[in-house]
Amino acid sequence: MRKKKKANPRQITMAVLLAAVLVAYTARAAQIQVVNAQKYLDQADTTGSRRVTLAAARGEILDRYGRPIAVNREGYNIVFNSAYLSRDDLNNTIARLTDYLQSAGQAWTDNLPLSAEEPFGFAEDASESDIASLKNRLGVADYATAENCFTQMVSRYSLEGLDRQLQRTVMGVRYTMEQQDFSVSNPFTLAEDVSSEVMTRVTEAAMPGVEISVVPFREYVDDDVAPHLIGTVGPIYAEDWEELRDKGYSYNDKVGRSGMEQAAEEYLRGQNGTMLVTQDASGNTLSSEVTEAPVAGNTVLMSIDKNLQRVAQVQLKNMIDQLKTETNGEADAGAVVGVNVKTGGVLFSANYPSYTMTEYKENYTALASDSSNPLFDRAFNGLYPPGSVFKPAVAAAGLQEGVITPTETIRCVQRYTRFQDYQPRCLGYHGSINVTRALSRSCNYFFYEVGYRLGISRLNQYCQQLGLGVATGVEVQESRGILAGPEERKNNTVDPVWRDGDTIQAAIGQSDTVLTPLQLAVYTATMANGGTRYQASLIHEVRSYDLEETVVDSTPTVLNTVDFSQSVIETVKEGMLSVTEDGTGRGTFANYPIRVGGKTGTAQVPTGEDNSVFVAFAPYDDPEIAVSVVIEHGGHGSSSGSLVRAIFDAYFFSQTDPYVEPAANTLLP
């Protein structure tokens, strides 16, 4: 007989353990399927959790004294959440929502480059790249017509059962959703800042996947104050998306598009937070938890004085209205800029014609097509011949180089006869005249001779040190200006040759020289403070949203110090003082209670009446403010002197106490 095999202890142990595991699993299964069956059936209906972006408040913009300019308010957006949106009912959902919006007179997001109404052609304002992108996305040929694209989208978005107008409405939204990568992680904003009436209707309709989100919106407290400087906030465009996505933006974010809103984007932009939301299959929220709180952007305190800005705007308009009468309607535009002599901070910058932020939002097309060009920032980008306000720079260069002395006289006999083929005239007959009196009387003959002795190269070197023909460094877009000279003349296809006669014309602020009002203000400030050129700036300080912490302080930036001796500076300043006391500006400032240094300019332009130009600084003994004015076709430079005086009155003598918000009481002026 075969001997019976003995059981292995290890096998017995493993069998016992396996049996125990099977018993445990059986018991657990019974608990799940019988005891807690209803609990787990309820949980099975839960679709899970998702992360929701909590929009951070954009930093606010205040003036230098803490007065509000651009602030935030809460508003409502209609948002599509892909996780709970019924794709089968999407077209109907869009149709219902756009009907609500249309009845309330509110717009919705539609980037489709087709006209909104029949006949459905390519939209007039659509760019070639927009149309090419549409055709590429639809997979149609380059030569496809708008109707071809329309037909393709009817099929693409299953719109066959709708009338053509509704097809266009729905396809516009569907195309934009697709364009903006609508997905679970990237919600789509159908409409922004909707009324409470629309918000209520959408909430009551309870459409799956459609949410109302409360978000901060930009509001401009006084929408007519410095619109060119403040700028705008807008959506992210397709061409910006790749770069901004890498910086952490989402497609629905807003960014600064122009002005200070754009220049200070890095400070104003907040950091969005996140919230973890758990919902059931019906879209009901079961729980929510803020996993990362949003951080508001910083507060930017601009260098401008809001009250002074308003005075400058009103007085500039009044000045131009007055000069229109005197010039038979030719004086129709201009700019005035004021800077802090000791820091380079821009205290105000006014343009005429101008616009309001409301007009920009509601009637941009009309503004853009207006022949008077109200959207153009003449103060920072307008290029004008400076005329005689250029002469202090020429005087300083001539004195520093020793081609003239403070006491030397040059005899003005009206006609300048150094050249046989070119003999320009002075506007007066001044006789023997030194540099101080030449500035006071604005003697062209004197400066023809100084310019000739200097030569254009040396003259331009000093002018650049004073901030002429170079960037001021201001944070927003500006023009660099042009200093006349051989290099610049080479670009002239009609007459590329530079001659000595051009040099003497450049010495009186004519020829090819064109400068911005901002550059003229910085140049005047540099002369007034003794030769330190500060970077022009619109940012006074940057603080945390609650104003408690300083992010960027108010320390000014020095760009350079001019190579003028103090005796040269003082001689030129004495000449500018003489302008207002007994020279071409005496009619405005002869009896003014504060001593003022200044210079008038009557700048010739190709057609029409001359431009009126005026620069000034005050107080003479301890300068604080420098101002420049250019009135297009305003006539004599002295004509705009009363505008400068009105601004000085407001700056030095205004009895209106500036309103300062309680939270900003500690701000430095």
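**Cavity, cores and local environments in the predicted model**

The residues that line the largest cavity comprise five nonpolar, five polar and one charged. The structure is a predicted model, and this cavity has a volume of about 50 Å³. One cavity of 30 Å³ or more is present in the structure. Its lining is made up of V339, N340, V341, G344, V522, A525, T526, N529, T532, R533 and Y534. Three elements, β11 (333–340), α22 and β15 (532–534), each contribute at least two residues to the lining. Rolling a probe the size of a water molecule over the atoms shows where empty space is left.

At the level of the whole chain, 25 helices and 21 strands are assigned. Of the 669 residues, 49% count as buried. Among contacts with a separation of 6 or more, 71% join residues that are 24 or more positions apart.

The largest nonpolar core contains 91 residues, and the residues with the most contacts inside this core are M302, F380, F446, L468, L518, L520 and L538. The element that gives the most to the core is helix α22 (residues 517–528), which supplies eight residues. Helix α22 also takes part in the cavity lining, with at least two residues there. When residues up to four places away in sequence are not counted, L520 touches P386, V389, L468, L515, V613, V615, S628 and V630. A second core, separate from this one, has 36 residues, including L85, L112, F120 and V210.

Helices α4 and α5 each place their buried residues along one side. In helix α5 (residues 146–156), the buried residues are A146, C149, F150, M153 and V154. Viewed down the axis of α5, these buried residues fall within an arc of 140°, so they line one face of the helix. An α-helix has 3.6 residues a turn, so residues three or four places apart point the same way. The cover over the buried residues of α5 includes α4 (128–138) and α6. Just after α5, S158 adopts a positive phi of about 55°.

In α4, the buried residues are I131, L134, K135 and L138. Down the axis of α4, the buried residues fall within an arc of 95°, so they too line one face of their helix. The exposed residues S129 and N136 are carried on the face of α4 turned away from its buried side. The buried residues of α4 are covered by elements that include α5 and α6. A positive phi, of about 75°, is taken by G139 just after α4.

The loop between α6 (164–179) and β4 (188–194) contains D181. D181 has a relative accessible area of 40% and is therefore partly exposed. With neighbours within four places in sequence left aside, the contacts of D181 are N186 and W241. D181 and Y251 are 70 residues apart along the chain, while their C-alpha atoms are separated by 8.4 Å.

W241 is located in helix α9 (residues 238–245). Because its relative accessible area is 14%, W241 is classed as buried, the cut-off being under 20%. Apart from neighbours within four places in sequence, W241 is in contact with D181, I236, Y249, S250 and Y251. The C-alpha atoms of W241 and Y251 are 7.1 Å apart, with their positions 10 residues apart in sequence. W241 thus has contacts with both D181 and Y251.

A further buried site is T588, in helix α24 (residues 586–589). T588 has a relative accessibility of 13% and so counts as buried. The residues touched by T588, not counting those up to four places away in sequence, are S638, G641, S642 and R645.

How values were computed: Residues are numbered from 1 along each chain as its sequence is written. This is a predicted model: local features need pLDDT of at least 70, side-chain atom pairs count only at pLDDT 80 or more; totals for chains, interfaces and linings use all residues. Side-chain values use heavy atoms; hydrogens and water are left out. A nonpolar core is a set of buried Ala, Val, Leu, Ile, Met, Phe, Trp, Tyr and Cys residues joined through side-chain atoms within 4.5 Å. Buried means under 20% relative accessible area, exposed over 50%, partly exposed in between (1.4 Å probe, protein chains only). Helices (H or I, at least four residues) and strands (E, at least two) are DSSP runs, numbered from the N terminus. Contact means heavy atoms within 4.5 Å. On a 1 Å grid over the protein atoms alone, a cavity is a set of points where a 1.4 Å probe fits but cannot get out, and a pocket is an open set with protein on both sides within 12 Å along at least five of seven lines; lining residues have an atom within 4 Å of a point. Grid points are joined across faces, edges and corners, and a volume is the space filled by probe spheres set on the points. Ala, Val, Leu, Ile, Met, Phe, Trp, Tyr, Cys and Pro count as nonpolar, Asp, Glu, Lys and Arg as charged, and the others, Gly among them, as polar. The arc is that of the directions from the helix axis to the C-beta atoms.
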